[in-house]
Amino acid sequence: MRIAMIGGGYVGLVSGACFAEFGINVAIVETNPARLSALREGRIPIYEPGLDALVASNSQAGRLTFGDDIASAVAGAEAVFIAVGTPPRNGDGAADMQYVHAAARQIAEALTGYAVIVTKSTVPVGSSRRIAEIIRQARPEADFDVASNPEFLREGSAIGDFMRPDRVIIGLDQTRPERASRAEDVLRRVYRPLSVIEAPLLFTGLETAELTKYASNSFLAMKISFINEMADLCETLGADVHDLARGMGLDDRIGRKFLQPGPGYGGSCFPKDTLALSRIAQEAHSACRLVETTVQVNEARKAGMAGRIIAACGGSVAGKTVAVLGLTFKPETDDMRESASIPILHRLAEAGADIRAYDPVGMAAAKSLLPESVTYCADALDAAQQADVLVVLTEWNIFRALSPVELSHRMRTRTIVDLRNIFDPAAMRAAGFTYESVGRP
């Protein structure tokens, strides 16, 4: 079986490599010259654990190829996946569909036989039908069907998520049953290896599949904002947010995941998708007020975290050294998109702080987004050298192993603001630290 993947970014590259691991011949189309050159040379332009080995093995086996010619990639493909970017549109937060529509027009010209055109990009409701219109306008005689197959890949564990998914959502045009049946047959063959492990394949209508991605991410974002507000309440009332989260999470109706307090959610999905869902709802005259409020609460939280750090330093960071551990929005990724570190470090720099930062993989990506005055360090202990306060912004596991005694020897003032709750409060206080965390006594 042969498929084409239009877009060699995070979603396209991970999905394409995993499909190749299924034994499918995958042609990935990437038009960015620098990224294409890197992929052809075996260099992975994104950080994702295990992806380099997966790409290398399938490239060597001849199942995974990279190019910039859509025509050659699409020719003979039974399924063509669109995995290009849908960034927020300036001004209103709606998804910018220009790259998806451009891909659809190019696919139309390249089709040589029947194919299912599958949208993997996160797109507004109605996008699959719009893609079908574009292709029909360009090639009235083209034999194709459209499908929506949203991705649910978590950065840092994307390969496992693809190979052992909670579910696979596939939307088809159920108003045309015979056509939907033909497309379903193709996509069942694409995902056949997952049937062996009994991963749920849920077939829905096009609109339902498109909306499910936004609804899922927005619900998870609401869980994060909710536990963050509970953490603030715990601090006021003397309760422990971790015990509270365990007490909530043991209820199967709630679940344990996404109940970890912190400085606010970020990344490539939650901020973008909550904004987009709000816009979709507004245009449908069916406002999603919970989602709209979640967006506002999260932005306010990230902005307010710098104030917490400044307060821990006695009300001013002017002339003080702030050690920052972690810059990316979460561990096991180099993704800086919408990271809490961006507004926090900008405010600290504006307040006169001397910032020393360390992140295991994210510093190269961070430099263009953070204040020019930030000093990037060799490791966590280097960042802590002569610091007046140490701030934890990303919960990388290597930070959990830091010795309180070693930190105390490096720092000028023993103050820690742990916004990810990775340290043991008793151990830190026993080492002489003034220790602040989120939602814990």
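## Threonine 394 and the parallel sheet around it

Threonine 394 is buried, its relative accessible area being 0%, and in this predicted model the residue belongs to the loop between β12 and α17 (397–400). Two polar contacts are made by its side chain: the backbone nitrogen of leucine 327 is reached at 3.3 Å, while the backbone oxygen of threonine 328 lies 2.7 Å from a polar side-chain atom of threonine 394. When residues up to four places away in sequence are not counted, threonine 394 touches Leu325, Gly326, Leu327, Thr328, Lys330, Pro331, Asp359, Phe399 and Arg420. Threonine 394 counts as buried because its relative accessible area of 0% falls under the 20% cut-off.

### The six-stranded sheet

Strand β12, which precedes the loop of threonine 394, is part of an open sheet of six strands with parallel pairing, in the order β11-β10-β9-β12-β13-β14. The edges are taken by β11 (375–376) and β14, and each of these has a single partner strand, so one side of each is left without a neighbour in the sheet.

The pairings listed below are parallel, and each is shown with its number of bridges and one residue pair where such a pair is available.

| Strand pair | Bridges | Example of bridge partners |
|---|---|---|
| β9 (residues 321–325) and β10 (residues 354–358) | five bridges | valine 322 and isoleucine 355 |
| β9 and β12 | four bridges | valine 324 and valine 391 |
| β12 (residues 389–392) and β13 | three bridges | valine 391 and valine 417 |
| β13 and β14 (residues 434–436) | three bridges | threonine 415 and threonine 434 |

Valine 391 has valine 324 of β9 as a bridge partner and also valine 417 of β13. In a regular strand the side chains alternate between the two faces of the sheet. On β12, Val389 and Val391 point one way, Leu390 and Val392 point the other way, and all are buried. On β13 (residues 415–418), Thr415 and Val417 point one way whereas Ile416 and Asp418 point the other way, and here too all are buried. Asp418 is thus among the buried residues of β13.

How are β13 and β14 connected, and with which handedness? Helix α19 (residues 425–430) joins with the two strands in a right-handed β-α-β unit.

### The chain as a whole

The chain contains 19 helices and 14 strands. Its radius of gyration is 24 Å, close to the 22 Å that the globule rule gives for 441 residues, so the chain is as compact as a globular protein of that length. Along its principal axes, the C-alpha trace spans about 75 × 50 × 40 Å. Of the 441 residues, 54% count as buried, and the chain exposes about 18,800 Å², of which carbon and sulfur atoms supply 51%. Among the contacts with a separation of 6 or more, 73% come from residues 24 or more positions apart.

### Isoleucine 6 in strand β1

Isoleucine 6 lies in strand β1 (residues 2–6) and counts as buried at 4% relative accessibility. Leaving aside neighbours within four places in sequence, isoleucine 6 is in contact with Val29, Ile70, Val74, Val80, Phe81, Ile82, Ala83, Val84, Ala103 and Ile107. Alanine 27 is 21 residues from isoleucine 6 in sequence, and the C-alpha atoms of the two are 8.4 Å apart in space.

### Two loop residues with positive phi

Most residues other than glycine have a negative phi, and most peptide bonds are trans. Glutamate 198, however, has a phi near 60°, a positive value in a residue other than glycine, and is found in the loop between α9 (192–196) and β8 (201–205). Phenylalanine 258 likewise has a positive phi, near 65°, and is found in the loop between α11 (241–249) and α12 (270–283).

Which of the terms buried, exposed or partly exposed applies to glutamate 198? With a relative accessible area of 70%, glutamate 198 is exposed, because its value is over the 50% cut-off. Phenylalanine 258 is partly exposed, with a relative accessible area of 25%, a value that falls between the 20% and 50% limits.

Terms used:
Residues numbered from 1 in each chain as written. Predicted model: local features only at pLDDT ≥ 70, side-chain atom pairs only at ≥ 80, totals over all residues. Heavy atoms only, no water. Buried < 20%, exposed > 50% of the residue type's maximum accessible area, 1.4 Å probe, protein only. Pairing = 2+ DSSP bridges. Right-handed = clockwise from strand over helix to strand, strands pointing away. Polar contact = N/O pair within 3.5 Å; in protein donor to acceptor, adjacent residues only side chain to side chain. Contact = heavy atoms within 4.5 Å. Rg over C-alpha atoms; globule rule 2.2 N^0.38 Å. Areas by Shrake-Rupley, 256 points an atom, 1.4 Å probe, with all protein chains shown as cover.
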